[in-house]
Amino acid sequence: MLSASDAFRTTLDLFGTGLDLMRQNLRRDYPQADDDEIDRRLRQWLHERPGAASGDAEGRPVNMAARLG
């Protein structure tokens, strides 16, 4: 069983891998874009992807304060 710190490190690693994959997709979609443009598009995607307004993916928003309170 993973400790909380190991699970968190794994989560951060998976998030980093997801960013790398999306960055590769953006490079493929916009081959003429420089690094700054790719970074701008990546930030835009993070803010505007489905569910971004709720801070998560698509689905039912969950009040974490109520769950953890």
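The chain exposes about 5900 Å² in this predicted model, and carbon and sulfur atoms supply 53% of that area. Burial is scored residue by residue: of the 69 residues of the chain, 10% count as buried. As for secondary structure, there are three helices and zero strands, so running from the N terminus the elements simply read α-α-α.

What is buried includes a nonpolar core. In soluble globular proteins, nonpolar side chains tend to be buried together. Here the largest such core has six residues: L19, M22, L26, A33, I38 and L42. Two elements each give two or more residues to this core, namely α1, spanning 4–29, and α2, spanning 35–48. Helix α1 puts in the largest share, with three residues.

Aromatic contacts take little space to report. A search of the whole structure turns up zero aromatic pairs. A ring does show up in another kind of contact, though: R41 sits over the face of Y30, 3.6 Å from the ring centre.

Charged side chains give a longer list, with six salt bridges in the structure. One of them stays inside a single helix. D6 pairs with R9, and their closest N and O atoms are 2.8 Å apart. Both residues belong to helix α1 and are three residues apart, which is about one turn of the helix. How open to the surroundings are these partners? D6 has a relative accessible area of 31% and is partly exposed, while R9, at 52%, is exposed. The label for R9 follows from the cut-off, because exposed means over 50% relative accessible area.

Another salt bridge reaches from helix to helix. D39 meets R23, with 3.7 Å between the closest N and O atoms. Since D39 lies in helix α2 and R23 in helix α1, the pair ties together parts that are 16 residues apart in sequence. Both ends are partly exposed: D39 has a relative accessibility of 29%, and R23 has a relative accessible area of 25%. Neither D39 nor R23 counts as buried, because that label needs a value under 20%.

R27 and D35 form a further salt bridge, with their side chains meeting at 2.8 Å, N to O. R27 is partly exposed at 35% relative accessibility, and D35 is also partly exposed, at 48%. The D35 value still falls in the partly exposed class, because exposed would take over 50%. Beyond individual pairs, which residues are linked through shared partners? D20, R23 and D39 are joined into one network by salt bridges that share partners.

Finally, some nonpolar side chains face outward. V62, M64 and L68 make a nonpolar surface patch of about 300 Å². Among these residues, M64 lies in helix α3, which covers residues 64–68. M64 is partly exposed, with a relative accessible area of 44%. That value lets M64 qualify for the patch, because membership needs over 30% relative accessible area.

Key. Residues are numbered from 1 along each chain as its sequence is written. This is a predicted model: local features need pLDDT of at least 70, side-chain atom pairs count only at pLDDT 80 or more; totals for chains, interfaces and linings use all residues. Side-chain values use heavy atoms; hydrogens and water are left out. A nonpolar core is a set of buried Ala, Val, Leu, Ile, Met, Phe, Trp, Tyr and Cys residues joined through side-chain atoms within 4.5 Å. Buried means under 20% relative accessible area, exposed over 50%, partly exposed in between (1.4 Å probe, protein chains only). Helices (H or I, at least four residues) and strands (E, at least two) are DSSP runs, numbered from the N terminus. Rings of Phe, Tyr and Trp (its six-membered ring) pair if their centres lie within 6.5 Å; planes under 30 degrees apart count as stacked, over 60 as edge-to-face and the rest as tilted. A charge sits over a ring if NZ of Lys or CZ of Arg is within 6 Å of the ring centre and within 35 degrees of the ring normal. Accessible areas come from the Shrake-Rupley method with a 1.4 Å probe; for residues, only the protein chains shown count as cover. A salt bridge is a side-chain nitrogen of Lys or Arg within 4 Å of a carboxyl oxygen of Asp or Glu. Patches are made of residues with over 30% relative accessible area and no salt bridge: like charges are joined within 9 Å, nonpolar side chains (Val, Leu, Ile, Met, Phe, Trp, Tyr) within 5 Å.
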